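Work through the exercises below with the model open. Try each task before reading its solution.

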Amino acid sequence: MMREEEKVSCGTKRKGVYGMSVGRFWELFRRIRDVHGGVCEGRIRESFRVKEACGAWIKGKVDRKLPYQEKHVLKQASILGNLEDIGVLKSSSEARELSYASESSRENKSDAAAVIELGAGRGYLTQMLADCYGIQKVILVERNSYKLKVDRSLRQKETLVLERLRIDSKVFPVEDLDLNAVQSLIGIPYLAVGKHLCGPATDLTLRCCLSEGVDQAVRDHLRGLAVATCCHHLSQWMHYLIYLLSLLLPSISLLVYRLDDDLGFDLATMNVHQSELEPINIFSNDADGVEEVIRGMKPAERAALGFMCKDIVDIGRMLWIKEQGMKAELVQCVPSNISPENRLLLARHKNLI
């Protein structure tokens, strides 16, 4: 468990950025651009996938007791659509066939995946999974208690088994979770999903599912995973998964924090790219300090640099997943005008047909 004194706070990161010399900042800038060009270019594809199975949710024809916000529904639907694309969820037609199956056949579905949602919050992603894809076993993992949870709605499904695990952790919702101790997962093919895993909670989730400490019997039944990454500025080097990139992570994470904090505009209204950085003359800037350098950058330039940092962090996570024997990729699951936090880590078991 990470002790409180080992965390690098946002205040410390702020001081770290502005405490750099201008020369060191530009050297960091060059390293980020070189690493991004070497490991990220061409590896992140656009994949906004909303399938027929989620039609009722997209049209708002769901339990109206559940809060409905279109941008969240679209992102959830695309997460599930991407899982369908890589073959770890049944297609829309198969889901409809499942809904008409007899009770006896439902009780004997050895190939039906369970789902564990880590950092589940109120559980809306899993609610959509259960409604649209016929998932029969649901495990929600969270440290906090929420109002307007989906638990009551899920329990009304006669064929669905729901289990909520409350993690007693003051730091991150999955830090203390041991999948080996979750008896209801043993011997059952399952999916692992997460949409609310800020910063290091993403790394802890991946370790929870794929590290060497997980029994082979549990790992072998992991059919696939989907983790939407966010809040990269909260990432901590001690939990990060790729050692070489972790050497760069402290500077990257504090730089992302400072850039995000200083933007002063709505990222969702802009389409920024690495090319926005080209006009910057990194050799002739005569600013008195890093704060003045950052303030002097155009908003689109700061945004592009911040996105490059985030890409590096997420590509490192994807490479680690591949090292664990999974087929993995990083995609942009929704357009930026729906959510600028639109990166999705996708993986499937290498032997899945």
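Angles between axes fall into classes: under 35 degrees is roughly parallel, over 145 roughly antiparallel, 65 to 115 roughly perpendicular, and the rest oblique. The model is predicted: local features need pLDDT of at least 70, side-chain atom pairs count only at pLDDT 80 or more, and totals for chains, interfaces and linings use all residues. Residues are numbered from 1 along each chain as its sequence is written, and side-chain values use heavy atoms, with hydrogens and water left out.

**Exercise 1. Classify the crossing of α4 and α7.**

Step 1. Locate the helices. Helices are DSSP runs (H or I, at least four residues), strands likewise (E, at least two), both numbered from the N terminus. Helix α4 spans residues 70-85 and helix α7 residues 124-133.

Step 2. Take the angle. Axes are lines fitted to C-alpha atoms, for helices over the stretch in contact, and angles run from 0 to 180 degrees between N-to-C directions. The axes of α4 and α7 come within 10 Å and cross at roughly 55°. The two helices are therefore oblique to each other.

Step 3. Find the hand. A crossing is left-handed if the near helix is turned anticlockwise from the far one by less than a right angle, right-handed if clockwise. α4 passes α7 in a right-handed crossing.

Step 4. List the contact (heavy atoms within 4.5 Å). α4 supplies Val73, Gln76, Ala77, Ile79, Leu80, Gly81 and Glu84. α7 supplies Tyr124, Leu125, Met128, Leu129 and Tyr133.

Step 5. Sort by class. Ala, Val, Leu, Ile, Met, Phe, Trp, Tyr, Cys and Pro count as nonpolar, Asp, Glu, Lys and Arg as charged, and the others, Gly among them, as polar. The contact of α4 with α7 has 9 nonpolar, 2 polar and 1 charged residues.

**Exercise 2. Describe the burial of α7 and the residue that follows it.**

Step 1. Apply the cut-offs: buried is under 20% relative accessible area, exposed over 50%, partly exposed in between (1.4 Å probe, protein chains only).

Step 2. Count. In α7, 9 of 10 residues are buried. Among them are Thr126, Gln127, Ala130 and Cys132.

Step 3. Look past the end. Gly134 follows α7 and has a positive phi, near 70°.

Step 4. Set the chain beside it. Of its 353 residues, 56% are buried.

**Exercise 3. Analyse the crossing of α2 and α14.**

Step 1. Helix α2 covers residues 22-39, helix α14 residues 299-323. Their axes come within 10 Å and cross at roughly 55°. That makes α2 oblique to α14.

Step 2. The crossing of α2 past α14 is left-handed.

Step 3. Phe29, Ile32, Arg33, Val35, His36 and Val39 make the contact from α2. Leu305, Met308, Cys309, Asp311, Ile312 and Ile315 make it from α14.

Step 4. By class, this contact of α2 with α14 holds 9 nonpolar, 1 polar and 2 charged residues.

**Exercise 4. How many disulfides does the structure hold?**

Step 1. Use the cut-off: a pair of cysteine sulfur atoms within 2.5 Å. The structure holds 0 disulfides.

Step 2. Check Cys54. Its nearest cysteine sulfur, that of Cys132, is 4.1 Å away. Cys54 is buried, at 0% relative accessible area.

Step 3. Check Cys208. The nearest cysteine sulfur belongs to Cys209, 5.0 Å away. Cys208 is buried, at 7%.

**Exercise 5. Is Ala217 buried, partly exposed or exposed?**

Step 1. Ala217 lies in helix α10, residues 216-219.

Step 2. Its relative accessible area is 45%, so Ala217 is partly exposed.
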